[in-house]
Structure formats: C-alpha cells, structure tokens
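Me: I'm new to this one and would like a quick tour. Can we go through it in questions and answers?

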Amino acid sequence: MKVSVILTTYNRPDALKKVLDGLLFQTCLPHEIMVADDGSGPETRSMLALFLENTDVKINHIWQSDKGFRAARIRNKAIAASTGDYLLLLDGDCIPEKHFIQDHMALAEPGFFFQGKRVLVNERQAVTFDHMDTLSFFRLARSAFLGGISNAHHIVRIPIFPSVQMKKLSGVRSCNMGLFREDVIAVNGFNHEFKGWGREDTEFVIRLFRYGVKRRENPFRAICYHLWHNENPRDNLARNDELLEAAAREKGYYCKSGLDSINDSDLGAG
C-alpha cells in the first residue's frame, strides 16, 4: 500500500522542518510527502530546498497564493497531486512519533478512517522540542511531570491495545487522520467554501459518515506531538458554523466545491 502524507503548513518553517525530520526518521517510510503550503513566504521554500532533493522519500511542495486561511483548498490540491492509495493528513506543527507511519498502515481498514491522537507541547517546551524528544520515554515523562506536555497518557505506545469504533464527531481533527484515497474522492474531498479557521474537517467527516465510512481510533498508536502556536483568528467562524449546520441537514455526501474543481494549473510545485 502506497502512503502519501498530506502535510499542511503556513509560515512556520522551523516547525515544518521538525515535522519533516520526524517523517524521515520513521520505522516505515511513506511513499511520498506532499507539503500543502497555504501561501507561505520565501523562508519556507528556502528551508525546503534540501528536503526536496531527498532520495529516500519523494517530497513535493504544493503552494497556493496567500488569500487568507484556505486549508480545505490546499489539502485538496495536495491530494490531487498525490499518488498514494492511503492518505495521512498531518499538520506542519505536529511531529510524528517514530512508529507513526507503521501504526497508521497497520490500523488502515477498508470502510473506515482512522482518527489519530495528539500530545500537546506547551509554548516553553516547543522551542527546543523535536523528533529526538519523542524517542526517549524518560524525556517525555519528565516533560509531562514538569507540565511541558499535556494529554501525556498518549506517550505510551501499546501495539496490542485494540482499536475502537466511534460514531461521534467530537475529537475529529485533520491534523492526524488516515483514510483511503477512494473514500476521499467519493465525497469530493474537503469543501472549498470553508475559509478561515474551523469546522472544515468536521464537515468533511459528516460527509464521510453519510457515504458509509466509519471511524476508528486508538489512544496508544499513531501519535503526534502538536507544537504550541498562537491561536488562529476566528474571524470567519460564524460563517463556517453555518456551513457545518447546513451540511448536517443535507442528505448528500458529495460537496459542490471540492476536489473536482482542482485543475491542472493548480498542481504546480511551489
């Protein structure tokens, strides 16, 4: 099974580098990494230069101009340009634990998407935290004891712990999600009508549920470490809430403005 990582970012080259380092230090490497860039400046492109020459994993930089928060659209652009059978959605400030790809592949199951968990790294700790910290349980336990990370129970990896099926929408986060490409295509990907922070991932899952895809999760596998950042502006949240409520009332699963509106001119590298 070919795995494509869809890695969203915006003007955080320092965090993005840490995430890429983590993805290239996996027990099982992905087929490709698609950096889905929502309009970052030249600092990100400069940082990526050496990564784009990597020969172990193909890394592509998919960029769109900065017209505000358009995470739904840039994810779709990266998905359209990817080639994997299975897609891992990850944010550019979420460092994967070294078994992240291996766990997602083991947990992938037709008819389901997998919702991963995250450990939260606070502002002070995030400055120096990198993928090397995730390799030491002692360092992680010490950070948890000192209050440097929260959701610390996820730092324990238990491969034999069973996954569970969930029917709820709470806890849905596209910063760590695995799903089959054919299911994403079936619902037409993310809805481009969502602009500004919030709700695009919940609306996406509502349509997955309606299509018949179920949710599974496991608190002790496929974990990532979410680095602290300033809160995103909520300027358009009321409008996004309206779109989410409308999606909940509708009966269809195929959004009108999604993957099928991405054309060849959208797919150039950054």
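Me: How many bridges join strand β7 to strand β12?

Reply: Keep in mind that this is a predicted model. Strand β7 covers residues 117-121 and β12 covers residues 223-227, and the two run parallel. One facing couple there is Lys117, which stands opposite Ile223 in β12. As for the bridges that join β7 to β12, the count is five.

Me: And which residue in β8 stands opposite Leu120?

Reply: Strand β8 spans residues 149-150 and runs antiparallel to β7, with two bridges joining them. Across from Leu120 in β8 you'll find Ser150.

Me: What kind of aromatic pair do Phe129 and Tyr225 make?

Reply: A search of the whole structure turns up six aromatic pairs. For Phe129 and Tyr225, the ring centres are 5.6 Å apart and the planes sit at 35°. An angle under 30 degrees would count as stacked and one over 60 as edge-to-face, so this pair is tilted.

Me: How many residues apart are Phe129 and Tyr225?

Reply: Phe129 is in the loop between α5 (123-126) and α6 (137-145), while Tyr225 belongs to strand β12. Both Phe129 and Tyr225 are buried. The pair links distant parts of the chain, with a separation of 96 residues.

Me: What about Phe161 and Phe220: how many residues apart in sequence are the parts they tie together?

Reply: Phe161 and Phe220 form an edge-to-face pair, 4.8 Å centre to centre with 80° between the planes. Phe161 lies in the loop between β8 and β9 (164-166), and Phe220 in the loop between β11 (214-217) and β12. So the pair ties together parts whose separation in sequence is 59 residues.

Me: Is Phe220 buried or exposed?

Reply: Its partner Phe161 has a relative accessible area of 33%, so Phe161 is partly exposed. Phe220 has 15% relative accessibility. Buried means under 20%, so Phe220 counts as buried.

Me: Which residues make the nonpolar surface patch of about 250 Å²?

Reply: One member is Phe25, found in the loop between α1 (13-23) and β2 (32-37). Phe25 is partly exposed, with a relative accessible area of 42%. The full patch is made by Phe25, Met132 and Leu135.

Me: Last one: which ring does the charged end of Arg234 sit over?

Reply: Elsewhere, Arg216 lies over the face of Phe112, 5.1 Å from the ring centre. The charged end of Arg234 is 3.6 Å from the centre of its ring, and that ring belongs to Trp197.

Terms used:
Residues numbered from 1 in each chain as written. Predicted model: local features only at pLDDT ≥ 70, side-chain atom pairs only at ≥ 80, totals over all residues. Heavy atoms only, no water. Pairing = 2+ DSSP bridges. Helix = DSSP H or I, 4+ residues; strand = E, 2+ residues; numbered from the N terminus. Patch = residues over 30% accessible without salt bridge, like charges linked within 9 Å, V, L, I, M, F, W, Y side chains within 5 Å. Areas by Shrake-Rupley, 256 points an atom, 1.4 Å probe, with all protein chains shown as cover. Salt bridge = Lys/Arg side-chain N within 4 Å of Asp/Glu carboxyl O. Buried < 20%, exposed > 50% of the residue type's maximum accessible area, 1.4 Å probe, protein only. Phe/Tyr/Trp six-rings, centres within 6.5 Å; stacked < 30°, edge-to-face > 60°. Lys NZ or Arg CZ within 6 Å of the ring centre and 35° of its normal.
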